[in-house]
Amino acid sequence: MSVQAPVLEALTILIAEDSAADLLLLSTIVRRQGHQVLTATNGAEAVEVFTRERPHLVLMDALMPVMDGFEAARRIKQLAGEALVPLIFLTSLRESEALAQCLDAGGDDFLAKPYNPVILAAKINAMDRLRRLQATVLQQRDLIAKHHEYLLHEQRVAKAVFDKVAHSGCINAAPNIRYLQSPYALFNGDLLLAAYTPSGDMHVLLGDFTGHGLPAAVGAMPLAEVFYGMTAKGYGLAQTLREMNAKLKRILPADMFCCATLLCLSTQRRAVEVWNGGMPEGYVHEVATGKRTPLMSRHLPLGVLSAEQFDDRTEVWPVALGDRVFLLSDGVLDTADANEQLFGAERLLQVFAANREPDRLFEDIEQALAAFRGQVRDDISMVEITLQAGQSLRATGPLYADSGQSCPLDWSVSFEFRADTLKRYDPLPYLLQLLLEIHGLREQSGALYSVMAELYSNALEHGVLGLDSRLKRDAEGFAQYYRLRNERLTHLDTGFVRVHVQVVPTDTGGTLSLRVEDSGQGFDVERVLARPPDIDRLSGRGLSLVRQLSSAVGWSDGGRSVCVEFCWKALA
Amino acid sequence: MSVEKKVSMDGKTLTIAIKGRFDFSSHQDFRNVYEGVYPKPEMVVVDLKETTYMDSSALGMLLLLRDHAGGDKAYIRVVNSSSDVRKILAISNFDKLFDIE
């Protein structure tokens, strides 16, 4: 070991000492150790030199004229701010009280006279290590603060974008949706989307991505895009789900997925169709009886299975006007109390049972959570949709800015969809897009889609699959109807649905004739048409709707063929 | 939280035991445990006997493990799960991918 500790780096050292002899001696020692020396002969001068030169380290005599070392130390420490400028007192004082005073005034160490060059060098080196450590800590702190600021900024921007994506549907505009989402629920991966189909049904998705923070929110974009795009084009739940699953599977890493409930609420059909993959069970609340039917998770979440293995089977439940569908995220059930006990489904059901005013259900749940835990989690999502009458039919698709001069006006086309196609393909969105090439029809696209959807499902379900609409009289029959539908469709190997479209120009505009034929047994048109509209709507063929929305309806071939007409006036 | 591994005498079965909370904080440890095993075991057993809690990122980690072990060809048993943990696995329908006991 060398006698003198090696100098790491030349420092600028201020020496404040009123005795000229001591000052000379110290300066010489310090310079020999390789440092640069600044001098002062009293405290005031020391403060002045420090302000001007910002030395790395200060050696300070305690007792000096004009301003003593203690006061000078205090001022220098204040000037130095957050940076560590080590200050070593030079003192002939011996009493512990006086030595303690040196440290109290901001000194970092002291050196007793007479000076020992070896000790002095070692102390300077030790203090320099501390100085560097402090500088590194400050630098890293500032770096972290900068990164943090940057991250917060990114999150704010991302949140603003996602809020627009998540709320561009009808979630805020629809009078029959109430929802509650913690402000940062999206950043915990919760996603709530709602939009109307062309026929006025409502699609709602409540999703929950794995994990937290920005990574959990990135999947929201493509999911929302598929949801809005396909809903507006008239695709059903099955196709929309397949597309969402395939897209997420393709883009997300293996450990990320999205638990989701997707539902279609149809006022026209008085039914709610549900697919639940990995979400806590939601409920259909029958207002008349108070009964709550759970909407169980039957599937793996979206983005886990390959397209071939994905299961798009849905469940259908009957709903009456005023009935409510309630969905929630796991943030509600997983709210934990001080002992890590979870709130759980049981307690939620108790809140349901105690709820007197249906419109205050969310508040009741929040209160129960707060009472359970003392503080509500920041990733809670709840949504409640009420079935209301008279959802208006809306024009769909982008509104084209072209003049209409080039739109086709005199043509016809026929399709035959056979068993294998009927099993797995829904031709309605395609047919709708085709018919929207006719500008005069765009205004009526909602009605057109609704009628097409009714006629197609009649042809498929009652015609090809031979299902009896009277089954749907009660809830049990309702479930059985849709079970049978799935079963028969899966095993279908013969049969067809034909769609003929004919468009002809007239003096004032044009006429569309839409004929739908099926391979089924037909039905007694007279008898079915004689039924009161209410029964028809619940368990019949939606024929009153068809008659109401189209210009003319006629059956032929024993009910196996139906033809409707839509007329339009030429655009001015 | 700790993740422990045990390879059977014949080298065919890898057992991974998770103690305490099974959440994102165990991500790296969990991966290290199965990524370092050669030759790849024929069967993986995930022992949740001493797992007190499990969140959705833990489900993600199970999917990563399944991916690593061969995806659809992998055979993974999840054993000794508590009723709370079992509930989480059931809601996500993970029994369609894992053999849950």
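Guide: Two strands pair if DSSP finds at least two bridges between them. Helices (H or I, at least four residues) and strands (E, at least two) are DSSP runs, numbered from the N terminus. This is a predicted model, in which local features need pLDDT of at least 70 and side-chain atom pairs count only at pLDDT 80 or more, while totals for chains, interfaces and linings use all residues. Residues are numbered from 1 along each chain as its sequence is written, and chains are lettered from A and ligands numbered from 1 in the order in which they are written.

Visitor: What makes strand 1 and strand 2 of chain A a pair?

Guide: Strand 1 (residues 12–16) and strand 2 of chain A are linked by five bridges. At least two are required, so the two strands pair. Their sense is parallel, and A:Ala16 stands opposite A:Ala40 in strand 2 of chain A.

Visitor: Which sheet of chain A includes strand 1 and strand 2?

Guide: An open sheet of five strands, in the order 2-1-3-4-5, with parallel pairing. Strand 2 (36–40) and strand 5 (109–112) of chain A each have a single partner strand, so they are the edges, with one side lacking a neighbour in the sheet. From one strand to the next the twist averages 20 degrees.

Visitor: Which strands of chain A does helix 2 lie across?

Guide: Helix 2 (residues 43–53) of chain A lies across strand 1, strand 2 and strand 3 (57–61) of chain A. Helix 2 of chain A runs at about 165 degrees to strand 1 of chain A (axes are lines fitted to C-alpha atoms, for helices over the stretch in contact, and angles run from 0 to 180 degrees between N-to-C directions). Helix 3 (residues 69–80) of chain A also packs on the sheet, touching strand 1, strand 3 and strand 4 (87–91) of chain A.

Visitor: What is the strand order of the open sheet with antiparallel pairing in chain A?

Guide: That sheet has five strands in the order 6-15-14-11-12. Its edges are strand 6 (177–181) and strand 12 (292–295) of chain A, because each has a single partner strand. The twist averages 15 degrees from one strand to the next.

Visitor: How do you know that strand 14 and strand 15 of chain A pair?

Guide: Strand 14 (residues 324–328) and strand 15 (residues 381–386) of chain A share five bridges, so the requirement of at least two is met. A:Leu327 stands opposite A:Val383 in strand 15 of chain A.

Visitor: Why are helix 1 and helix 2 of chain B called roughly parallel?

Guide: Helix 1 (residues 27–35) and helix 2 (residues 56–68) of chain B pack at an angle of about 20 degrees, with their axes 11 Å apart. Angles under 35 degrees count as roughly parallel, over 145 as roughly antiparallel, 65 to 115 as roughly perpendicular and the rest as oblique. The two helices of chain B are therefore roughly parallel.

Visitor: Which residues make the contact between helix 1 and helix 2 of chain B?

Guide: Helix 1 of chain B contributes B:His27, B:Phe30, B:Arg31, B:Tyr34 and B:Glu35. Helix 2 of chain B contributes B:Met61, B:Leu64, B:Leu65 and B:His68. Two residues are in contact if their C-beta atoms, placed from the backbone, lie within 7 Å.

Visitor: How many residues of chain A are in contact with chain B?

Guide: 14 residues of chain A are in contact with 14 residues of chain B.

Visitor: Where is the cis proline A:Pro114?

Guide: A:Pro114 is in the loop between strand 5 and helix 5 (117–166) of chain A. The cis peptide bond joins A:Lys113 and A:Pro114, with omega about -5 degrees.
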